[in-house]
Amino acid sequence: MTGLSPGQAVGLVARREFTTQVRSRSFAIGIVISLVIFGIYALIFQFIGSQSSSNTLGVTPAARPVVPALQQAATAVGRTLTITDVSAAEGAAQVQAGDLDALLDRNPGWTVTGRDAVGDELSSLVATVVRQTTLDQALQAAGQNPAAVAEQSRVAVSTLEPEDPERGQRLGLAIITAVLLFMSLIGYGSAVAQGVVEEKSSRVVELLLSTIKPLHLLAGKVLGLGAVGLLQLLILGAIGVVVGSVTGLLTAPTAAAGALVAAVVWYLLGFFLYASVYAAAGSMVSRQEELQSLVAPIMFPLLLPFIFAVSVLPGDPRNTLGTVLSFVPFFAPTLMPVRQALGVAAWWEVLIAAVLTLATIVGVVAVAARIYRNSVLRTGARVSWSEALRG
Amino acid sequence: MLDIGGLAKRFGTRTALQDVTFSVRPGEVFGFVGSNGAGKTTTMRIVLGVLSADSGEVRWKGSAIDADVRRRIGYMPEERGLYPKMRVGEQLAYLARLHAVSAADAAAAVARWTERLGVAERVGDEVQKLSLGNQQRVQLCAALVHDPEILVLDEPFSGLDPSAVEVMSRVLRDKADEGVPVVFSSHQLDLVERLCDRVGIIADGRMVAVGTVAELRSGGGGVHGADHRPVVARLDVVGPPAGWADTVAGVRVVAAEGTHTRVELDGATDQDVLKAAVAAGPVHEFTPYRPPLTELYKDVVSR
């Protein structure tokens, strides 16, 4: 009988992890759930967008003259304005009943009345139109040409760098990248921790370690589950690109492909970083129930950049804090690809962040492997940090 | 020969093993007995390398056991260990492959051993769907699928029904007959006595006796020159009516039932007893009493 090389041992373990996970129901369910989440996100965004960009406004006969100007102004900023002619009393009743967002009246001063609030966009639209109309009338009364005055006061908007025609697309890609990476790292990181605990709680680990080394078992598990996560990421990415292209939502396939490549690279870096930490945490407890309290702190460095990536960066891609954090190893895997997708990260920035993360992986894997080796055969009470780190 | 030499192990302030030494010869079934916490599992885990000894060593064929030799040991851990959600056949094949068995050989071994242990029709089921007894059979398959050179089994018989005990005993005997040293621990001393060529008794982390059951009976089997009194000789006498031995000097009556009297020699010789018995009535049987392992064990451990 010949021996087993480290490569063969790692390969056997990795293949078992991969096939078991891919064949499990949770893998297919995970993909479906991810797609459903993305679909719901898209619907919600669309819904919120359509809600906030359309208004119903009641107009009294006294205010009627500004209606054409209101419609024109609304169309110019891409808002839908539904105008209903009402009397002051009817209008107030309909606003109270919620049928109208607001009532515009002139008696003799201009008033916009909402139920408990008037939307900022609606009130500023009305205010601008009323002010402009009043000014125009005053100019005409003074013998001036309002059109000429308007021309004199026009402000031309330009950018020093050419405007990115794919900016909207990039925003969407950045958010999708952040969500995908966040889900994959959390999902497959905890799968590693659960796998380690499963082997401990079922005691199969003792049988395994009587024939292979702890490091080989750990490496095989991380590689196998990492590959499953990568497969899921690619499947979701491919579905996204295909659906986006077919429906016409995605018109920048190059940017999308770039974002996918960046997502894969950063997934791999992030996965090895977090999976080692998750594995070490898993090896320190004996039952799944104990795992939760130990892995909760690991979620934090993932959650923080994720929230930052989806809430701050889309509105302010060059945010200083975001730029700094995108170089910090535990934050880089979510933040840097988002900055890349937004088109604000230079290649050398990406390279520096990647090298820093790689260096951190080397250190973290060494510590995690030591914790794992010291803890994985110990059952019963949670292994203390001093015991886990010794030797 | 599997030599366990001078193993010592401490867990914190507790001494788990102290100078544990014994050998198991090829072709021999060795029963490892002792109360819970005496050190059986710790010893076996050290042999398998899942625990390291503070001192002492384990040797196989004269050289210290390394990873390659360990891979050729069949091991059944005390706490049963299998992936609950993995299918029996795949699991066994996987474990065989981890022991450096080729895919084809692994498949053949899985078929052979599941058949032999009566779980062949369950190979497609998840382990967790099997009864505990069947899981135990699968666990033994896991120790055998890589055709091990040495078998180390921690309580392989616990929780088995009589027919499974029969099958497993047969398998252990057959493996021994192939020249494999078989070590197993058990609390079922009658089973150990029936199945084992030699027995090792451990108490509080020390080996207190090693030898064949006959050697233990004759007071042999003491280890490290410890002071072992020979087990006190007892005799069974059948024939004379009860009460005949009560007055014989240097003899203590241990049990008496009808015409069956068991005496313990305490100064007298067997010839003295025989004379007294014949004087009291016709003697139909006169035999030295062979205490079962259960009694020997109690006797050895209580010293």
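The following legends describe close-up views of a predicted model with chains A and B.

**Figure 1. Domains of chain A.** Chain A is divided into two domains: domain 1 covers 8–43 + 166–390, and domain 2 covers 53–151. Taken over C-alpha atoms, the centres of domain 1 of chain A and domain 2 of chain A are separated by 52 Å. V157(A) belongs to the loop between α6 (146–152) and α7 of chain A. This residue, V157(A), is exposed, with 5 other C-beta atoms within 10 Å. Between V157(A) and G7(A), which are 150 residues apart along the chain, the C-alpha atoms are separated by 61 Å.

**Figure 2. The contact between chain A and chain B.** On one side 20 residues of chain A take part, and they are in contact with 23 residues of chain B. Two elements of chain A, α1 (6–23) and α8 (204–209), give two or more residues each to the side that touches chain B. The element that gives the most to this side of chain A is α8(A), with 6 residues. By class, the side of chain A that touches chain B holds 11 nonpolar, 6 polar and 3 charged residues.

**Figure 3. Helix α13 of chain A and its surroundings.** Helix α13(A) comprises residues 332–342, and 11 of its 11 residues are buried, so the helix is largely enclosed by the rest of the structure. Among the buried residues of α13(A) are the nonpolar-to-charged neighbours in sequence V338(A) and R339(A), as well as T334(A) and Q340(A). The cover over the buried residues of α13(A) includes α7 (167–201), α10 (253–283), α11 (288–311), α12 (320–325) and α14 (347–375) of chain A. After α13(A) comes G343(A), whose phi is positive, near 80°.

**Figure 4. Packing of α10 and α14 in chain A.** The axes of α10(A) and α14(A) come within 8 Å and cross at roughly 20°. Angles under 35 degrees count as roughly parallel, and α10(A) and α14(A) are therefore roughly parallel to each other. The crossing in which α10(A) passes α14(A) is left-handed. From α10(A), the residues that meet α14(A) include L269(A), F272(A), L273(A), S276(A), V277(A) and A280(A). From α14(A), those that meet α10(A) include L358(A), I361(A), V365(A), A368(A) and Y372(A). The residues of the contact of α10(A) with α14(A) divide into 14 nonpolar, 5 polar and no charged. An α-helix has 3.6 residues a turn, so residues three or four places apart point the same way.

**Figure 5. Packing of α3 and α5 in chain A.** Helix α3 (residues 67–76) of chain A packs against helix α5 (residues 120–141) of chain A at an angle of about 130°, and their axes are 10 Å apart. The two helices α3(A) and α5(A) are therefore oblique to each other. Their crossing, that of α3(A) and α5(A), is right-handed. In α3(A), the residues A69(A), L70(A), A73(A) and A74(A) meet residues of α5(A), including L125(A), V126(A), V129(A) and Q132(A). The contact of α3(A) with α5(A) has 7 nonpolar, 3 polar and no charged residues.

**Figure 6. A cis peptide bond in chain A.** N107(A) and P108(A) are joined by a cis peptide bond, with omega about -20°. P108(A) is placed in the loop between β3 (102–106) and β4 (110–114) of chain A. Most residues other than glycine have a negative phi, and most peptide bonds are trans.

**Figure 7. Overview of chain B.** Chain B contains 10 helices and 14 strands. The C-alpha trace of chain B spans about 75 × 45 × 35 Å along its principal axes. Of the 303 residues in chain B, 42% are buried. The domain assignment gives chain B domain 1 (2–217) and domain 2 (234–291). The centres of these two domains of chain B, taken over C-alpha atoms, are separated by 43 Å.

**Figure 8. Two residues of chain B with positive phi.** K61(B) is not a glycine, yet its phi is positive, near 55°. The loop between β4 (55–60) and β5 (63–64) of chain B holds K61(B). K61(B) is exposed, with 11 other C-beta atoms within 10 Å. D147(B), also not a glycine, has a positive phi of about 50°. D147(B) lies in the loop between α5 (132–144) and β7 (150–154) of chain B. With 18 C-beta neighbours inside 10 Å, D147(B) counts as partly exposed.

Notes: Residues numbered from 1 in each chain as written. Chains lettered and ligands numbered in written order. Predicted model: local features only at pLDDT ≥ 70, side-chain atom pairs only at ≥ 80, totals over all residues. Contact = placed C-beta atoms within 7 Å. Helix = DSSP H or I, 4+ residues; strand = E, 2+ residues; numbered from the N terminus. Buried ≥ 20, exposed ≤ 12 C-beta atoms within 10 Å, placed from the backbone. Axes fitted to C-alpha atoms, helices over the stretch in contact; angles between N-to-C directions. Parallel < 35°, antiparallel > 145°, perpendicular 65-115°, else oblique. Left-handed = near helix turned anticlockwise from the far one by under 90°. Domains from an automatic or database assignment.
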